[in-house]
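Thanks for making time this morning. I would like to go through one structure with you, starting from its secondary structure and ending with one of its pockets.

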Amino acid sequence: YTAIASAGLTSSVSTAVANYNIYTFTAGTGTVTFYLTSSLISTEYLVVGGGGGGFKGKTSTYWGGGGAGGQVITASGFAVVPNTAITVTVGAGGLDQTSLDINGNTGNSSVFSTITATGGGGGLYNTGYGGTSGNGFIGGAPGGSAVAGGGGGAGFVGSGQNGGNGLISTISGSLTYYGGGGGAGQGGSGTVGTAGLGGGGIGSN
């Protein structure tokens, strides 16, 4: 079988891995249509929402805090209807704030057919916590030296100024994390927060 994506999508096709063809969409909005020349034995999907943006800081209280990882949804058994276009949207990450005292922006949702993975939450300037991930894992708590929290990941909560790790999947043929939370800025600690495994951003001041 083959799959053809519309012009609005940035996509790639890998060679077969363990008898699977892997179709990856990394940006844009459009459709993909599968043209079947033989029966599909099984299908799997993994959809990742856009990550949340960090906040710049709270006046005289915290430096910047991390945004959270987008929701990760994965399962097998998706029913492919031959010669029928499937809607695909790759959610962009939420923008970081460039001004003090404003929450980070929520990431945008990603869509594959009827499956929607919501974006990660932006960092919360008023409390100093990192954002909550699309899978519901909260961000890290603020600490001393004006340090804010890192964002929650799709698979784990944030820990202090460090982002939480994402969800693990082997859909690509190797063990990979998706939906990591972002690290917080260094504040007065002298050390920036680490990014959660799975695409989280590194903290900065």
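In this predicted model, the protein has 10 strands and zero helices, so that reading from the N terminus the order of elements is simply β-β-β-β-β-β-β-β-β-β. As for the overall fold dimensions, the radius of gyration comes out at 18 Å, close to the 17 Å that the globule rule gives for 205 residues, and the protein is therefore as compact as a globular protein of that length. Please keep next to that value the box filled by the C-alpha atoms, which along the principal axes is roughly 65 × 30 × 25 Å.

Turning to packing, 39% of the 205 residues count as buried, and, among the contacts with a separation of 6 or more, 52% are accounted for by residues 24 or more positions apart. On the outside, the protein exposes about 9,600 Å², and 54% of that area is supplied by carbon and sulfur atoms.

Now to the pocket, and here I will restrict myself to the second largest one, whose volume is about 580 Å³. Which residues are the closest to its centre? Of the 35 residues that line this pocket, they are Gly52, Gly54, Gly67, Asp96 and Gly201. If we sort the lining of the second largest pocket by class, we find 26 polar residues, seven nonpolar residues and two charged residues, with glycine being counted as polar in that scheme.

Note on methods:
Residues are numbered from 1 along each chain as its sequence is written. This is a predicted model: local features need pLDDT of at least 70, side-chain atom pairs count only at pLDDT 80 or more; totals for chains, interfaces and linings use all residues. Side-chain values use heavy atoms; hydrogens and water are left out. On a 1 Å grid over the protein atoms alone, a cavity is a set of points where a 1.4 Å probe fits but cannot get out, and a pocket is an open set with protein on both sides within 12 Å along at least five of seven lines; lining residues have an atom within 4 Å of a point. Grid points are joined across faces, edges and corners, and a volume is the space filled by probe spheres set on the points. Helices (H or I, at least four residues) and strands (E, at least two) are DSSP runs, numbered from the N terminus. The radius of gyration is taken over C-alpha atoms; the globule rule is 2.2 Å times the number of residues to the power 0.38. Buried means under 20% relative accessible area, exposed over 50%, partly exposed in between (1.4 Å probe, protein chains only). Contact means heavy atoms within 4.5 Å. Accessible areas come from the Shrake-Rupley method with a 1.4 Å probe; for residues, only the protein chains shown count as cover.
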